[in-house]
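Subject: Structure for your review

Dear colleague,

Please find below the structure that I am handing over to you, together with its sequence. My notes on what was found in it follow.

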Amino acid sequence: MTNPPSTAALLDHDTFRSVLGHFPSGVTVVTGGAPDSPAGFTCQSFSSLSLDPPLVVMLPSRSSRSWPAIAASGRFCVNVLAEHQRQLSNVFAHSGTDKFANVRWSLTPLGSPLLAGVSAWIDCAVKEIHPGGDHFIVVGEVRHCGAAATPPLVFHRGRYRGIRDASGCDPVASSGLPRKAPSLGRHPESVRSTV
């Protein structure tokens, strides 16, 4: 049996992006900044990190225009987009526009924007920031979180998708699991709009 060739010699950006695109991910919008000048960006690179203590990790691009304002605030909210929020993902993926125009949002207990209608939200304090190639590795200490029954938005092989299986059935409903996710925290009640 021969050893495979060195990946460094074979790997190019397009191949790398295409192969990693086979791993389906949720779609989030990370928000933060000052309440009177909120910032946010679409982020697929998000994951849980630790249960004890409760930590998450997300990876903003070094070229992000939104991340410096969020980092300066020392806190952020991960908004897990719901299946019907594809447009929000597109809006927050682009720079140079007022991303919060016509978007309903409220403030989390830590003071970051919480987008209305999301599938779940995780309110974090920035714990650590490490270099990671063309991204930063940001560890967040989870202070508050909550979830709804709304199915999440999924991104796979360059396309938005839902989580229904090939038969068209809702896997949550067909599994016998309860449709309503247990609440992991209290959702702020005051809704703020920039409309």
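The model is predicted, and I begin with its interior. The largest nonpolar core has 18 residues, and those that touch the most other members are Val 30, Phe 41, Met 58, Trp 67, Ile 70, Phe 76 and Ile 122. Two or more residues of this core come from each of β3 (37-43), β5 (55-58), α3 (67-73), β6 (75-80), β9 (120-132) and β10 (135-147). The greatest contribution is that of β10, with 4 residues.

Ile 70 may serve as an example of how this core is put together. Beyond four places in sequence, Ile 70 touches Val 30, Thr 31, Gly 32 and Gly 33, then Ala 39, Gly 40 and Phe 41, and finally Arg 75 and Phe 76. A second core, separate from the one above, consists of 14 residues, with Val 27, Leu 88, Val 103 and Leu 115 among them.

On the chain as a whole, the protein has 5 helices and 13 strands. Its length is 195 residues, of which 33% count as buried. Among contacts with a separation of 6 or more, 67% join residues that are 24 or more positions apart. The exposed surface of the chain is about 11,400 Å², and carbon and sulfur atoms supply 57% of that area.

Confidence should be kept in mind when you inspect the model. The mean pLDDT of the chain is 80, with 74% of the residues at 70 or more. Over residues 169-195, however, pLDDT stays under 50, and the model has 51 contacts beyond four places in sequence for this segment. Where pLDDT is low, the predicted coordinates should not be read in detail.

Next, the aromatic residues. The structure holds 2 aromatic pairs. In one of them, the ring centres of Phe 92 and Phe 100 are 5.1 Å apart and the planes stand at 85 degrees; the pair is therefore edge-to-face. The other joins Phe 100 to Trp 105 and is also edge-to-face, with 5.6 Å from centre to centre and 65 degrees between the planes. Phe 92, Phe 100 and Trp 105 thus make up one aromatic cluster. Are its members buried or exposed? Phe 92 and Phe 100 are both buried. For Phe 100 the relative accessible area is 3%, and this residue counts as buried because the value is under 20%. Trp 105 is buried as well, with a relative accessible area of 1%.

As to the cysteines, the structure holds 0 disulfides. Cys 124 is in no disulfide, and the nearest cysteine sulfur to it, that of Cys 77, lies 7.4 Å away. Cys 124 counts as buried, its relative accessibility being 0%. Cys 145 is likewise in no disulfide; in its case the nearest cysteine sulfur is that of Cys 124, at 8.6 Å. With a relative accessibility of 17%, Cys 145 also counts as buried.

Two features of the backbone deserve a separate note. Most residues other than glycine have a negative phi, and most peptide bonds are trans. The peptide bond from Asp 52 to Pro 53, by contrast, is cis, with omega near 5 degrees. Pro 53 is located in the loop between β4 (46-50) and β5. Asn 102 is not a glycine, yet its phi is positive, at about 65 degrees. Asn 102 belongs to the loop between α4 (86-92) and β7 (104-107). Its relative accessibility of 64% is over 50%, so Asn 102 counts as exposed.

Finally, I turn to a proline in one of the strands. Pro 131 lies in β9. Pro 131 is exposed, with a relative accessible area of 60%. Outside its neighbours within four places in sequence, Pro 131 is in contact with Arg 62 and Ile 137. Pro 131 and Leu 59 are separated by 72 residues in sequence and by 9.7 Å in space, from C-alpha to C-alpha.

With kind regards

How values were computed. Residues are numbered from 1 along each chain as its sequence is written. This is a predicted model: local features need pLDDT of at least 70, side-chain atom pairs count only at pLDDT 80 or more; totals for chains, interfaces and linings use all residues. Side-chain values use heavy atoms; hydrogens and water are left out. A nonpolar core is a set of buried Ala, Val, Leu, Ile, Met, Phe, Trp, Tyr and Cys residues joined through side-chain atoms within 4.5 Å. Buried means under 20% relative accessible area, exposed over 50%, partly exposed in between (1.4 Å probe, protein chains only). Contact means heavy atoms within 4.5 Å. Accessible areas come from the Shrake-Rupley method with a 1.4 Å probe; for residues, only the protein chains shown count as cover. pLDDT is the predictor's confidence in each residue, from 0 to 100. Rings of Phe, Tyr and Trp (its six-membered ring) pair if their centres lie within 6.5 Å; planes under 30 degrees apart count as stacked, over 60 as edge-to-face and the rest as tilted. A disulfide is a pair of cysteine sulfur atoms within 2.5 Å.
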